[in-house]
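Here is a short report on one structure. The sequence and the model come first, then the notes.

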Amino acid sequence: MTDFFPEQAFAKEMDGHDPLAVYRGKFHMPKNTKGEDNIYFVGNSLGLQPTRAMEFIWEEMEMWKTSAADGHHSGKRPWVLYETTLSEKTARVVGANPSEVVVMNSLTVNLHFLMVSFYRPTKDRYKILMEEKAFPSDQYAVASQLRLHGFDPEDGMIEVCPKEGRSTICNEDIIETIQRDGDSIALILFGGVNYYTGQCFDMEKIAEAGRAQGCVVGFDLAHASGNIPLQLHDWDVDFATWCNYKYINAGPGSVASAFVHEKHSNHDHLPRLAGWWGHNRETRFKMPRQFDPIPGAEGWQVSNINVLSAAPLLASLNLFDEVGMNALRKKSFMLTGYLEYLLDEASTDGFTIISPRNPEYRGCQLSLQFGGNAKDIHKRLNEKGIICDYRKPGVIRVAPVPFYNSFMDVFNFVKELKKLL
Ligand SMILES: *Cc1c(COP(=O)(O)O)cnc(C)c1O
């Protein structure tokens, strides 16, 4: 790790040497009323718009305007194949084979569809293991799946908690829980990166421990994809899903993605809620009575893809292809490490960093726990054009994104924060 220094000149120098600095110009940075760039630290909530996103949407609008239904089969990117255009690029972001990923639906919808196939409870093995304080949507989805199968969520949901007085969960505690309760656990459904603390879980070890106990292992990668390098195929994860509007910058409510491991590609034994878009492409338009699923993740598609929502995703994935997750992670270590350094330097007792201190166990986000005044501080930061996010009780989440945030952003944020304290 590089040594960091507290002076502004250091931030300038880091930006000057940053090979990814040019990518800031490939996104639209929100501006204040004077037309100056804001400091945007909520890419963990909604990633910025790639400058080419509009062009990709526009092309489809033009296609629709000039060719209408012909757009399904002609043009640069025929709509019936739109999802496959995205698969290779998506696969590279999450460490999968192209046939293991598919762009479809939205995240929580995918969770349900995948749980229909991968949550197969029996009388003795029916529990679902999660992290405590998982994103509410995941908790609702899991509780409702348990009820659907006739189980009581109070009994069926096992949550791994942080140790007394800690804010993050010890990876060993997750593994121990799996080893202890494994034979009653049907499904392990963990986040890859926790939305609240920014903690990154050891997915490889969780998958390994789960497999050894005969559990199915799935991940919600909403805060992990595009944030940290993933190796879903090699880690032998059964399934995963993520939204594309956070670190993947595909726009509000954009179409999501799913991963199903190759070992399930012939999935004949798995139940599934089917739809025509998962059907064999050769015979799809012959409209046969019998459902014949496409091998691989695409077999889980139900409906045809929302092309206008997928178009900006393509603009963003092209940028991921240019840069690669390893280069992003490298800058991310530096940028978030620098933020941590300046916050520690500021060393007031106004807040504590509740995100993991080990960079391997976090993504780019740091969560700061304040005393009573977080809401007020958040408001004032906002007035200064520093966009970060407030969560009850008293947490401000700050996510410097390596694609478009700079070392000067981080410097200016801490400078303002110090003034407010
Ligand atoms: C953002 C997020 C969601 C959002 O779900 P949608 O179905 O896209 O609305 C779900 N789970 C986690 C962990 C998230 O961070």
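## Ligand contacts

A polar contact is a pair of N or O atoms within 3.5 Å. The model discussed here is predicted. His-223 meets that cut-off: an N or O atom of its side chain is 3.2 Å from an oxygen atom of the ligand. Tyr-245 also reaches a ligand oxygen, with a polar side-chain atom 2.6 Å away. Asp-220 faces another element of the ligand. A polar atom in the Asp-220 side chain sits 3.0 Å from a ligand nitrogen.

How much of the ligand's accessible area does the protein cover? On its own the ligand has 390 Å² of accessible area, and the protein covers 82% of that. The surrounding residues are Leu-107, Thr-108, Phe-135, Asp-138, Asp-220, Ala-222, His-223, Tyr-245 and Lys-246. By class, this shell holds four nonpolar, two polar and three charged residues.

## The seven-stranded sheet

Seven strands make an open sheet with mixed pairing. Their order is β4-β10-β9-β8-β7-β5-β6. Which strands stand at the edges? They are β4 (101–103) and β6 (157–160). Each has a single partner strand, so one side of each lacks a neighbour in the sheet. On average, neighbouring strands of this sheet are turned by 20 degrees against each other, direction ignored.

At the β4 edge, the partner is β10 (residues 257–260). The two strands pair in the antiparallel sense, over three bridges. One bridge joins Val-101 to Phe-259 in β10. Helix α4 (residues 107–118) packs on the sheet. The helix touches β7 (185–191), β8 (216–220), β9 (239–242) and β10. The direction of α4 makes about 170 degrees with that of β9.

The ligand shell draws on these elements too. Leu-107 and Thr-108 belong to the shell, and α4 spans residues 107–118. Asp-220 is also in the shell, and β8 covers 216–220.

## The four-stranded sheet

A second open sheet is built from four strands, in the order β11-β12-β15-β14. Its pairing is antiparallel. The edge strands are β11 (351–353) and β14 (389–391), and each pairs on one side only. From one strand to the next, the twist averages 30 degrees.

Strand β14 pairs with β15 (residues 395–398) over three bridges, in the antiparallel sense. Within this pair, Tyr-390 stands opposite Ile-396 of β15. The loop between β14 and β15 contains Pro-393. Is the peptide bond from Lys-392 to Pro-393 cis or trans? The bond is cis, with omega near -10 degrees.

## A positive phi

Ala-68 lies in the loop between α2 (53–67) and α3 (82–94). Its phi is near 45 degrees. That is a positive value in a residue other than glycine.

## A long-range pair

Asn-318 is placed in helix α9 (residues 307–323). Which residues does Asn-318 contact, leaving aside neighbours within four places in sequence? They are Phe-56 and Lys-89. Phe-56 falls in the span of α2 (53–67), and Lys-89 in that of α3 (82–94).

Lys-89 and Asn-318 are 229 residues apart in sequence. In space, their C-alpha atoms are 7.4 Å apart. A polar contact of 2.8 Å joins the two side chains.

Notes
Residues are numbered from 1 along each chain as its sequence is written. This is a predicted model: local features need pLDDT of at least 70, side-chain atom pairs count only at pLDDT 80 or more; totals for chains, interfaces and linings use all residues. Side-chain values use heavy atoms; hydrogens and water are left out. Two strands pair if DSSP finds at least two bridges between them. Axes are lines fitted to C-alpha atoms, for helices over the stretch in contact, and angles run from 0 to 180 degrees between N-to-C directions. Contact means heavy atoms within 4.5 Å. A residue is near a molecule or strand if one of its heavy atoms lies within 4 Å of it. A polar contact is a pair of N or O atoms within 3.5 Å; within protein, one must be able to donate a hydrogen and the other to accept it, and residues adjacent in sequence count only if both atoms are side-chain atoms. Accessible areas come from the Shrake-Rupley method with a 1.4 Å probe; for residues, only the protein chains shown count as cover. Ala, Val, Leu, Ile, Met, Phe, Trp, Tyr, Cys and Pro count as nonpolar, Asp, Glu, Lys and Arg as charged, and the others, Gly among them, as polar.
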